[in-house]
Amino acid sequence: MKVLVTGGLGFIGSHTVIKLIEAGHQVVIIDNLFNSKPDVVDRIDKIVGVKPKVFIQDVCDKDKLMEIFKAEKPDAVIHFAGYKAVGESCQKPLMYYRNNIDSALSVLECMMENECKNLVFSSSATIYGETDKMPITELSPRKEATNPYGQTKVMIERIIEDVCKVNPDFNAALLRYFNPIGAHPSGLLGEDPNGLPNNLLPYINKVATGELDHLNVFGNDYPTVDGTGVRDYIHVLDLAKGHVLALKKLENGCGLFVCNLGTGKGTSVLEMVSAYEKATGVKIKYEIKPRRAGDVAESYAATNKAKEELGFECDYTILDACKHGYEFQKANKVELKCTKNN
Ligand code: UFG
């Protein structure tokens, strides 16, 4: 298939491009470099020996996107492009609503006008809101999200559902990610958040390389195994593989398909610290701090649907993810620092 990947130079996007090329798909990338770097395409080339065509372009610009659709005629779209920082979305809600909703509408309108009938959408477990019932199945109700970023995922899921209702031959996979971590084992691709990391693993990576002094553990009084928050951490390459499997499902004409992508296993913050130390041999200094607003005690996926309907299984462990994340951070530390100081 010819697959248009929006946000294809980003963290999850770039790993998915690798898996798509390895599976024999032809890839075209659109990315506006808001949260990514142009040399990612050279790194993709180094890993798979193919340099996909890249349009440095904002997906919100529907006229430009339309030109790309007309020229490239993709069979499918994987839509990653979007803002993703929970905290920033609370500070700048309009920026998040405008960008994330506009980009999804542009993609869908261009798909409709160009008879492109297969869409994979990068959704999130955030759409389940606060829920006590673990593991979280796809039948758990979609709730109001606790922040504007999550709210855009809820809204885009609804928009896609409505499009599917009136277009019976349109196929869409809503993939609800749990917590993506890790990096490509080559050390060439990984997560490089702008500014101080919000997420656990990018933060631990910087403690490990000495860029940050210690990890703040947000709360140790949750009703969990050791009092710290429990999440379902999935290696980004496993997540990427899930997209390739979802495309196969779409190719067979599945209509609307909703699926969790996680490992099914919960890991606490302190368990993650131990795993990281074991995988890398580096000691992670931490301090216990009060709970972070908006956090839930635990969240992990029911994985039977992904297994039964996609044949999805994880290839990597949390230890692999810690090791690969650390290798990427070490290999790119100087470069990342220079970029940030510029
Ligand atoms: N945590 C710390 N210290 C840190 C960062 C995180 O203790 O410096 C803890 C959190 O309190 C939580 C766990 O580590 O218990 C995971 O936190 P993350 O910020 O890494 O991930 P979240 O589960 O909060 O958020 C993720 C994605 C969001 C998505 C959300 C719900 O980052 O995009 O899952 O699916 F919305």
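Look for Asn 147 in this predicted model: you'll find it in the loop that links strand S5 (118–124) to helix H6 (148–166). Is Asn 147 buried or exposed? Its relative accessibility is 7%, and the cut-off for buried is under 20%, so Asn 147 counts as buried. Its side chain has a partner, too: a polar atom there lies 2.7 Å from the backbone nitrogen of Gly 150.

Now head back towards the start of the chain. Strand S2 (residues 26–31) and strand S3 (residues 53–56) run parallel, and four bridges join them. If you want a spot to check this pairing, try Ile 30, which stands opposite Phe 55 in S3. Add helix H2 (residues 40–48) to the picture, and S2, H2 and S3 together make a β-α-β unit. Which hand does this unit have? It's right-handed. While you're looking at strands, here's a handy rule: in a regular strand, side chains alternate between the two faces of the sheet.

Next stop, helix H7 (residues 200–208). How many of its nine residues are buried? Nine of the nine are, so to speak, tucked away, and the helix is described as mostly covered. The buried residues include Leu 200, Tyr 203 and Val 207, but also Asn 205 and Lys 206. After H7 comes Gly 210, with a positive phi near 85 degrees.

H7 also brings us to the ligand. The shell around the ligand gets at least two residues from H7 and at least two from strand S8 (215–218). Which of the elements gives the most to this shell? That's S8, with four residues. In total, 19 residues surround the ligand, and the closest are Asn 199, Leu 200, Asn 216, Arg 231 and Asp 295. Sort the shell by character and you get nine nonpolar residues, seven polar and three charged.

Let's zoom in on some contacts made by oxygen atoms of the ligand. A polar backbone atom of Leu 200 is 2.8 Å from a ligand oxygen; you've already met Leu 200 as one of the buried residues of H7. At Thr 126 the backbone is involved as well, with an N or O atom 3.1 Å from an oxygen of the ligand. Asn 179 uses its side chain instead: an N or O atom there is 3.0 Å from a ligand oxygen. And how much of the ligand does the protein bury? Taken alone, the ligand exposes 690 Å², and the protein buries 87% of that.

Methods:
Residues numbered from 1 in each chain as written. Predicted model: local features only at pLDDT ≥ 70, side-chain atom pairs only at ≥ 80, totals over all residues. Heavy atoms only, no water. Pairing = 2+ DSSP bridges. Right-handed = clockwise from strand over helix to strand, strands pointing away. Buried < 20%, exposed > 50% of the residue type's maximum accessible area, 1.4 Å probe, protein only. Near = heavy atom within 4 Å. Polar contact = N/O pair within 3.5 Å; in protein donor to acceptor, adjacent residues only side chain to side chain. Areas by Shrake-Rupley, 256 points an atom, 1.4 Å probe, with all protein chains shown as cover. Nonpolar A, V, L, I, M, F, W, Y, C, P; charged D, E, K, R; others polar.
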